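Work through the following exercises on charged side-chain pairs, keeping the coordinates open beside the text.

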Amino acid sequence: MHKWQHIIREISYRVTNHVIMVTCVCLLCYPLQASHWPTLLERIKLSGTLTVASRNGPTTYYQDNEGYTGFDYELLRGFAESIGVTLQVIEIEDLGLIFKAINRRTVHMAAAGLTVTPKRQQLVHFSEPYLQVTQQLIYRSNSPKPAGISDIIGKDILVIGNSSHAERLRAIKKQYPDLVWQEQYDIEMLDLMESVHNQKVTYAIVDSNALEMNSSAYPRALAAFDISEPESLAWALPKIEDNSLVNAANHYLKTLQSSGKLAEITESFYGHVGHIDYSGALIFTKRLRTRLPKWQAALQAAAQKYDLDWQLLAALSYQESHWNPKAKSRTGVRGFMMLTLNTSKEMGVKSRLDPLQSIEGGAKYFRKMYDRLSDDITEPDRTWLALAAYNIGFLHLQDARKITQDQGGNPNLWSDVRERLPLLTKRQYYKKTRYGYARGHEAVSYVNNIRNFYNVIAWKQADNTKDSMSDETSSPQPDHSYESIISSALEELEDINAM
């Protein structure tokens with residue numbers, strides 16, 4: 001009897017343990033059954049990082065002396081903040097590999113100026129569009145301008161590999177079988193413009209936004225004709241049943257558009273393009289190479305002293321004097337920063353023709369304009385308004401801001417004030433202002449030009465930094481001593497006297 005009691009006790013023990021184990025498993029699984037398996041968006045939030053594939057370039061994202069920037073980057077940064085995670089950008093140059101990375105789930109999404117096409121829609125989900133562009137064939141200014149596809153058959157044409165441009169050419173080839181082109185996978189649209197500008201290739205295809213943004217850098221690369229209708233740029237996301245991430249992206253982009261913030265971001269990157277004439281752009285590209293290096297250290301020193309962006313100070317000084325320390329205007333302003341006598345005296349500049357004094361005086365004066373603006377004006381509008389004040393005068397700027405407010409605009413937004421500045425030339429408006437007539441339209445062109453110059457300088461510096469970091473050979477560091485600056489200044493004065 002004792003033996004049977006022992007067997008029954010053992011069976012009971014094992015059954016009890018089995019029941020406990022099953023119960024524990026059920027209890028562990030219950031929350032998942034009661035709720036659901038985490039969505040893609042929830043898993044991203046749990047990880048704390050949104051990983052996005054992109055291509056390095058002036059229209060997408062790049063790093064300047066202030067950190068990462070670029071049109072796509074600004075949109076992505078805002079989206080990451082809206083879902084409470086950190087943004088991580090993975091650089092992938094080959095567009096084909098970008099789409100593979102999405103499908104293999106090595107990235108959560110992609111934002112690289114991607115055009116929405118029927119072929120791509122078979123591979124990925126696209127978000128709401130955030131920009132419209134047109135594909136344009138570009139040629140060099142001193143060569144015959146092609147009028148249509150038949151004019152480019154048999155010529156060398158370069159496009160980005162796996163791009164919407166290549167996809168468009170393949171569609172055109174059905175009608176023009178003799179059309180041929182080359183595809184390169186590790187280039188950006190800026191490289192295509194440079195190749196056409198320098199006669200390395202006859203034709204290339206770029207998006208209209210890239211051409212507009214970089215026309216100052218490569219002014220000989222001109223649009224010949226459009227090869228597409230306006231197309232949408234959008235983010236690419238995995239083509240899966242879980243739409244949580246694409247829904248969040250669409251909600252963010254729609255909110256951005258309805259609030260007007262998308263228009264502000266677009267304006268900050270594209271609102272200034274197309275305002276430098278052809279000859280002026282050619283001169284700028286030459287002087288960017290030959291003159292700016294001689295003054296860079298002095299500009300950096302003044303910018304550091306007054307807590308400014310030296311590249312903005314460089315763009316401002318180019319607009320003023322073309323980096324010519326002996327410049328003189330018809331109204332009598334003189335020097336590297338083109339200071340008036342009164343401003344020079346106020347800023348402690350004893351000689352306007354001393355380039356180092358002029359640079360420091362101009363930096364100090366711009367800082368004064370910047371600081372005089374009301375505290376509720378934020379970036380980037382604060383910088384654009386301060387530039388306008390540097391040109392037209394602070395009090396005239398205040399008149400334009402008052403007109404803007406009276407007309408229902410926002411006096412703290414450059415895009416709104418820019419529309420009203422030209423009204424200062426019209427008697428019906430300026431007679432009602434406190435400080436009267438001013439050449440407001442010139443202030444608009446002034447700021448637009450500086451923004452153009454600044455973008456080119458920033459991109460060139462970023463490109464040079466990238467090249468120097470990849471160079472395995474060591475090179476002597478530049479001498480930024482005071483004596484070196486003076487020596488460079490004297491060399492520049494000799495160069496100008498020889499003109």
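The exercises below concern salt bridges in this predicted model.

**Exercise 1.** Determine how many salt bridges a search of the whole structure finds, and state which parts the pair Glu93 and Arg55 ties together.

*Solution.* A search of the whole structure returns 11 salt bridges. One of these links Glu93 to Arg55, with 3.8 Å between the closest N and O atoms, which satisfies the criterion of being within 4 Å. Glu93 sits in the loop between β4 (86-91) and α4 (95-103), whereas Arg55 sits in the loop between β1 (49-54) and β2 (62-64), and therefore the pair ties together parts that are 38 residues apart in sequence. As for accessibility, Glu93 is partly exposed at 23%, while Arg55, at 5%, is buried.

**Exercise 2.** Classify Arg420 and Glu419 as buried, partly exposed or exposed.

*Solution.* Begin with the contact itself: Arg420 and Glu419 form a salt bridge whose closest N and O atoms are 3.6 Å apart. Arg420 has a relative accessible area of 10%, so this residue falls under the 20% limit and is buried. Glu419 has a relative accessible area of 55%, so this residue lies over 50% and is exposed.

**Exercise 3.** Give the distance between the closest N and O atoms of Arg439 and Glu442, and then find which residues are joined into one network by salt bridges that share partners.

*Solution.* The closest N and O atoms of Arg439 and Glu442 are 2.5 Å apart in their salt bridge. Arg439 is partly exposed, at 38% relative accessible area, and Glu442 is likewise partly exposed, at 31%. Turning to shared partners, Glu74, Arg77 and Glu81 are joined by their salt bridges into one network.

Definitions and conventions. Residues numbered from 1 in each chain as written. Predicted model: local features only at pLDDT ≥ 70, side-chain atom pairs only at ≥ 80, totals over all residues. Heavy atoms only, no water. Salt bridge = Lys/Arg side-chain N within 4 Å of Asp/Glu carboxyl O. Helix = DSSP H or I, 4+ residues; strand = E, 2+ residues; numbered from the N terminus. Buried < 20%, exposed > 50% of the residue type's maximum accessible area, 1.4 Å probe, protein only.
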